[in-house]
Amino acid sequence: MSYALQTLWHERSRYASGVLAVTFSAVLIALQCGLLLGLFKITSIPVDNTTADLWVGSTEVPSVDLGKPIPTSYVSRVAGMPGVTDVELYIAHFANFTKPVGGTELCYLLGSNLDEGAVGSPVVLSREQRDALTEPNSIIVDQSDVGRLKLDTPDGKAKINGKEVKLVGTVRGLKSLAAPWVLCSTHTARHLLGFIMPAEHVTYLLAKCESPQQAKKVASELQNQYGTEMGAYTAEDFSLRSRWYWLRRTKAGIAIGYAALLGLFVGAVITAQTLYSATTASAREFAILLALGIPRWRISLMVLGQSFWVGLVGIVLAYPVCQGLRYAARQVGADVDLRWEVLLGTAVVTIGMALVSGIFALRSVRQIEPISLLR
């Protein structure tokens with residue numbers, strides 16, 4: 001391994017194209033996966049922006065925005081479970097938004113308890129904004145949706161389901177994938193939805209538990225007892241469930257995965273060709289080693305060692321490039337989620353690709369014979 005690294009350093013100009021190809025592949029894979037995760041984090045924003053440990057809704061809810069009304073009487077079922085410390089009502093439902101200048105847009109109402117420390121209150125809201133939302137028919141939207149909903153227009157009145165609403169503030173970090181999120185109180189949400197939300201019904205019950213581990217036990221117990229009438233999910237599971245649903249529904253993972261696979265293929269071909277050319281160029285040195293009695297398998301291991309170092313150096317160079325491009329993406333409003341699982345998976349795949357490329361390059365080693373020194 002040491003000799004392989006020394007050879008790589010001494011002939012660094014010869015291996016530069018392989019290293020750059022590996023770096024390109026790693027950057028493309030990491031950014032594609034991070035962009036995919038960042039994109040579908042938007043679908044679970046209502047779950048991720050509360051402090052609730054447990055979400056209780058209708059049976060088999062595929063995503064947070066597809067819940068159906070459930071009776072508020074279910075509160076007693078949840079509150080009576082050991083380990084549950086608080087239960088709140090939560091309304092989430094699509095509504096028709098009429099812009100002040102005319103025209104309509106589909107929006108998604110998120111009505112929650114706005115008291116201090118409420119588990120359903122969005123964490124992005126300040127105390128002043130929560131107080132403002134207690135006013136009847138007051139709403140808050142993300143800054144990126146103000147222009148979309150024409151709420152920056154001084155003339156006209158915005159309406160939701162035909163009822164006038166008042167914008168009392170904006171937030172950042174609640175950018176929507178389709179219908180804009182509209183934050184309000186449960187009282188306002190019920191008034192705006194009218195007959196759409198039956199009396200004594202809500203979309204979800206949000207609960208706070210003694211610990212996340214206890215939340216898993218409570219969810220399992222509720223599912224066992226009332227699985228035919230309602231569904232119980234931990235916040236982590238419900239968030240993942242929402243993202244996975246839209247990932248499969250939109251087929252975006254296929255397109256992004258194809259692009260990442262293409263980058264991996266290009267990197268593998270260039271790396272394999274680089275290693276093959278470098279090994280062929282060193283044929284005379286390898287022939288001398290064979291003539292001195294060095295086993296051919298030792299030379300093959302050295303080539304694979306070079307492949308490993310090419311992959312590792314490519315990964316090291318790719319990391320700051322990924323972070324730089326992630327920062328640039330954030331400046332234009334795109335979220336690239338480079339969590340450690342993405343970075344680790346990229347490193348494993350990329351180094352594996354480099355080793356496979358080294359195996360293909362071994363065919364040049366098999367063609368080297370000591371007799372070539374006499375020619």
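**Salt bridges, cores and a surface patch**

At a relative accessibility of 39%, E229 counts as partly exposed, a class that lies between buried, under 20% relative accessible area, and exposed, over 50% (1.4 Å probe, protein chains only). The model is a predicted one, in which local features need pLDDT of at least 70 and side-chain atom pairs count only at pLDDT 80 or more, while totals for chains, interfaces and linings use all residues. Residues are numbered from 1 along each chain as its sequence is written, and side-chain values use heavy atoms, with hydrogens and water left out.

E229 forms a salt bridge with R77, and the closest N and O atoms of the two are 2.6 Å apart; the term stands for a side-chain nitrogen of Lys or Arg within 4 Å of a carboxyl oxygen of Asp or Glu. E229 lies in the loop between α7 and β12 (231-234), whereas R77 belongs to helix α4 (residues 75-79), so the pair ties together parts that are 152 residues apart in sequence. Helices (H or I, at least four residues) and strands (E, at least two) are DSSP runs, numbered from the N terminus. By the salt-bridge rule, the count comes to ten.

Two further salt bridges can be followed together. K99 pairs with E105, their closest N and O atoms being 3.6 Å apart, and K99 is buried, with a relative accessible area of 16%, while E105 counts as buried at 19%. The side chains of D145 and R148 also meet in a salt bridge, at 3.7 Å from N to O; D145 counts as buried because its relative accessibility is 3%, whereas R148, at 30%, counts as partly exposed. Salt bridges that share partners join K99, E105, D145 and R148 into one network.

From charged pairs we turn to the nonpolar interior. The largest nonpolar core has 37 residues, and those with the most contacts inside it are L54, V78, I160 and L222; such a core is a set of buried Ala, Val, Leu, Ile, Met, Phe, Trp, Tyr and Cys residues joined through side-chain atoms within 4.5 Å. Among the elements that each supply at least two residues of this core are β1, β4 (104-112), β9 (181-185) and α7 (212-226), but the largest share, five residues, comes from β3. When neighbours within four places in sequence are left aside, L54 is in contact (heavy atoms within 4.5 Å) with residues including V78, L205, V218, L222 and Y233. Apart from this core lies another, of 25 residues, among them W55, V61, A92 and W181.

On the surface, F24, Y258, L262, F265, V266, V269 and I270 make a nonpolar patch of about 690 Å². Its largest share, six residues, comes from helix α9 (residues 252-281). F265 lies in that helix, α9, and counts as exposed because its relative accessibility is 55%.

Two residues remain to be pointed out for their backbone angles. E60 has a positive phi of about 50° although it is not a glycine; E60 lies in the loop between β1 (54-57) and β2 (70-71), and at 58% relative accessibility it counts as exposed. N137, also not a glycine, has a positive phi near 60° and is found in the loop between α5 (127-133) and β5 (138-142), where N137, at 18% relative accessibility, counts as buried.

How values were computed:
Patch = residues over 30% accessible without salt bridge, like charges linked within 9 Å, V, L, I, M, F, W, Y side chains within 5 Å. Areas by Shrake-Rupley, 256 points an atom, 1.4 Å probe, with all protein chains shown as cover.
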